[in-house]
Amino acid sequence: MKISIDWLKSFISLEGGTQEVAEQLTMLGLEAELDLDTSGLGDIIIGEVTSKIKHPNADRLSLCEVFNGEKTYPVVCGAPNVDKGQKVAFAPVGAVLPGNFKIGKAKIRGEVSQGMICSERELKISDEHEGIMVLNDAAEPGQSFLSYIDAHFDRIELDITPNRPDCFSHLGVARDLAIQSESDLKMPDYSPRKFKSNEAESLISLSFEDENDCPRYIAGVVKNVKVGDSPDWLKTRLESVGQRSINNIVDISNFVLMEMGHPTHMFDYNQLGSQEILIRRGKKGEKITTLDELERKVSPNELLITNGKEPVAIAGIMGGLDSAVTEQTTTVLIESAYFDPPTVRKGAKALGMSTDASKRFERGADPNGAEKAFWRTITLLEEVADGEWIPGIVDPYPKRITQDEIVLTREKLDLLSGCDITDDFVVRALTGIGCVVNGQSNSWNCTPPSWRPDIEREVDLIEEVIRLFGYDNVPSKFHYEGIMSGDRPDPQKGLSKIISILSGFGFTQVFNNSLQSEEKVSILDFESVKMMNPLSDTVSQLRTSLFTGLMETVDFNIKNGHPDLMLFEWGNVFEQTKPGLEGVREKFQLSGIIYGRFSKASVHRRYDRSADFYVLKGVIEGLMTRLNVNNYSSAAVDDNPYGLSNASEILIGKDNIGYMGRVSPQFAKTIQSDVGPCYGFQFDLNALIEIAHEEPTYRSIVNYPVVERDLNFVMDESTPLGDVMDAIQKNGKNILIQSEPINIFRHESVGEGKKAIAINLVFQSTSKTLEDKDVNSVIDGIIKVVSNKFSAKLR
């Protein structure tokens, strides 16, 4: 099943790229992989057929002229569907097609051909080869075909298990994504219409040989339809999932199928030969010519749609050619039914047929979806084909299908999941997949939706809850018995990694007493925890900060001839939030200090380098890099509770995990020390360990070259450079992989109160070699944003 990313976005807001969506679906149990391989399409451009005449020396060839945005080329083409005005995939002379086929200048039946108009199979996009690939009006002559493909054919391929017929549609896939991402699901309008009199009953008579073969069959009539080309939006939707546009009537049926997963069929009402529709089994020796123009012999194994006498369609598999929609069709009969899954499967296997419709019916379509698909089709026929719905609907529903209530217990859920899943999540997950849920805490009464025939037992509900909770969130059990059971055999493994990284940066680990005097613990605005029977006044309270002990260590080392220091310590600090033991709050923290010289003058360095804020910031950035954190940032803050001045908060995404800045002189004053300026950091160590536990993710090596550009902006001295860099990165689209300031210049030549910032930009595409026009458009956008947002000028 091909799923269009752009189509999915009409149902749900998606974050991340196509690869991220594919990974998310795979973890939901819908195995997904990227569908299109565009690696060999870099030479293909978009052309426009400006003229077409018959080849003078060949009946099945045409002489075309193709405009590539700059020049027109003669091309000999054998495709039956080529025509003037079409936008096409054009391979000029010298282009190399997938399979290492190089296009050369040729003479075909005496006429020169300077290029090739390509089909989808020649481009390795699909197996379609009956004609050339015709692009929509959004295509521009001379445009890279890759950019067109990226914009209109971004899709993934799903390998759907037989128990999930609901995911044979964009709506079904979006429903699962919406639950996991806690997003709203935007539904199309499937509402039934009201009518005063049922005029359709006078035009259609429905009867069933065996209601078990066809529990539900809905029919209606739309008149005055105009058969023709589909609008561009409809063509684009179908093309995005690899389907070829046929005409607006047929395309509507295919669109509804791909959108919501329920097959429908359109008959030419005037070609049915009768107002009667009889659903019955085939007879021995009976024949029907299907839409693929093949005459097929049917038997009692196959279920047929007949006009009372002759078959007009093989139920749930394919329609008949004699009653198919043609250019002369003005009135259509809409079929939207639910057929017995085993009956459809046996018929398809017996005939050696497998169609989009049979794949869905044989797995179990939605009996209530038949009605929704009917009304959706009516709406589209009015919008796209100017049809007029004849009020009424024929829907006898001879064998009503209902869903039995299932009881889900907390005891069974906990037993099978092996982890804690909250009541709120259980209700949200089951409601999200369409269940009607009643009850709370220990027991829920659940009625599955009609589109989930696979949910029959309590264990099926538990499987759904765990699947949506995330299999990767279910802890592994390393010990099945004994006191050592736990979700992590070494919960502080991440701490060892952090210690190793800081030691590699030149830091020394220290350990200080967690008991301090009242004076020392009162530096910060936290209520300290007092000892009941202290040994002395100097160890009467639990520490509120690690910085006090670190400053004492700095003072001790300075007095003993070691003035250049990089120290860190991890441990608990304490706060009394309310009276009693219940009010004692422990905070697991990591703090560090740098003091003195970061590096001495030597043969390798002319001057000393002082340990300052920028050195500290470099340490933090290095730590984040070694921990494979990509969404790290820092932002200046006016105030913080940890005794740091000129501080910045350390962020992972939008979450604060610590601070860095100059350590308050109050610490040195309290310990009666002459220690000068110190710079330090403080982390929430639990949050940092969680980050350290994360496994690095694999990314494929990009084989396309990078393009570097430098920009030089003049801006106010007060403009934060971090904000400028953030704005540049956000406007780099998907090809700016790195941006970095490389020089700051201050001089009267750039203006008083001004600074000139030189910024290096690195561009790279994952799908092609970048050209100047690709990079220049992004750079122009960056210059515009920086100029408008920060009143900067390009130097």
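A polar contact here is a pair of N or O atoms within 3.5 Å; within protein, one must be able to donate a hydrogen and the other to accept it, and residues adjacent in sequence count only if both atoms are side-chain atoms. The model is predicted: local features need pLDDT of at least 70, side-chain atom pairs count only at pLDDT 80 or more, and totals for chains, interfaces and linings use all residues. Residues are numbered from 1 along each chain as its sequence is written, and side-chain values use heavy atoms, with hydrogens and water left out.

**Stop 1: S450**

Select S450. It sits in the loop between β27 and α12 (458-469). Helices (H or I, at least four residues) and strands (E, at least two) are DSSP runs, numbered from the N terminus. S450 is buried, at 10% relative accessible area; buried means under 20%, exposed over 50%, and partly exposed in between (1.4 Å probe, protein chains only). Now show the side chains of D366 and N368. S450 makes a side-chain polar contact of 2.5 Å with D366. A second one, at 3.2 Å, goes to the side chain of N368. Beyond four places in sequence, S450 touches A365, D366, P367, N368 and Q403, where contact means heavy atoms within 4.5 Å. Add G364: its C-alpha atom is 9.8 Å from that of S450, although the two are 86 residues apart along the chain.

**Stop 2: β25 and β27**

Select 406-409, strand β25. I406 and L408 point to one face and are buried, while V407 and T409 point to the other and are not. In a regular strand the side chains alternate between the two faces of the sheet. Add β27 (residues 443-447), which runs antiparallel to β25 and is joined to it by 4 bridges. Two strands pair if DSSP finds at least two bridges between them. T409 has S443 as its bridge partner in β27.

**Stop 3: the antiparallel sheet**

Four strands form an open sheet in the order β16-β23-β15-β24, with antiparallel pairing. Because β16 (265-268) and β24 (388-389) each have a single partner strand, one side of each is left without a neighbour in the sheet. Helix α9 (residues 369-385) packs on this sheet and touches β15, β16, β23 (332-338) and β24. The direction of α9 makes about 155° with that of β23; axes are lines fitted to C-alpha atoms, for helices over the stretch in contact, and angles run from 0 to 180 degrees between N-to-C directions. Zoom to K223 in β15: its bridge partner in β24 is E388.

**Stop 4: the mixed sheet**

Here 5 strands run in the order β14-β17-β20-β21-β22, an open sheet with mixed pairing. Its edge strands are β14 (205-208) and β22 (318-319). β14 pairs with β17 (residues 276-281) in the parallel sense, over 4 bridges. Look for S205 opposite E276.

**Stop 5: α19 and α20**

Select helix α19 (residues 721-730) and α20: their axes come within 9 Å and cross at roughly 145°. D723, V724, A727 and I728 of α19 meet I782, V785, V786 and F790 of α20. Then pick D774, in α20 (residues 772-790). D774 is buried, with a relative accessible area of 16%. Its side chain makes a polar contact of 3.1 Å with the side chain of K768.

**Stop 6: cysteines**

Select C77 and C64. The C77 sulfur has its closest cysteine sulfur in C64, 5.2 Å away, too far for a bond. A disulfide is a pair of cysteine sulfur atoms within 2.5 Å, and a search of the whole structure finds 0. C77 is buried, with a relative accessible area of 5%. End at C678, also buried, with 1%.
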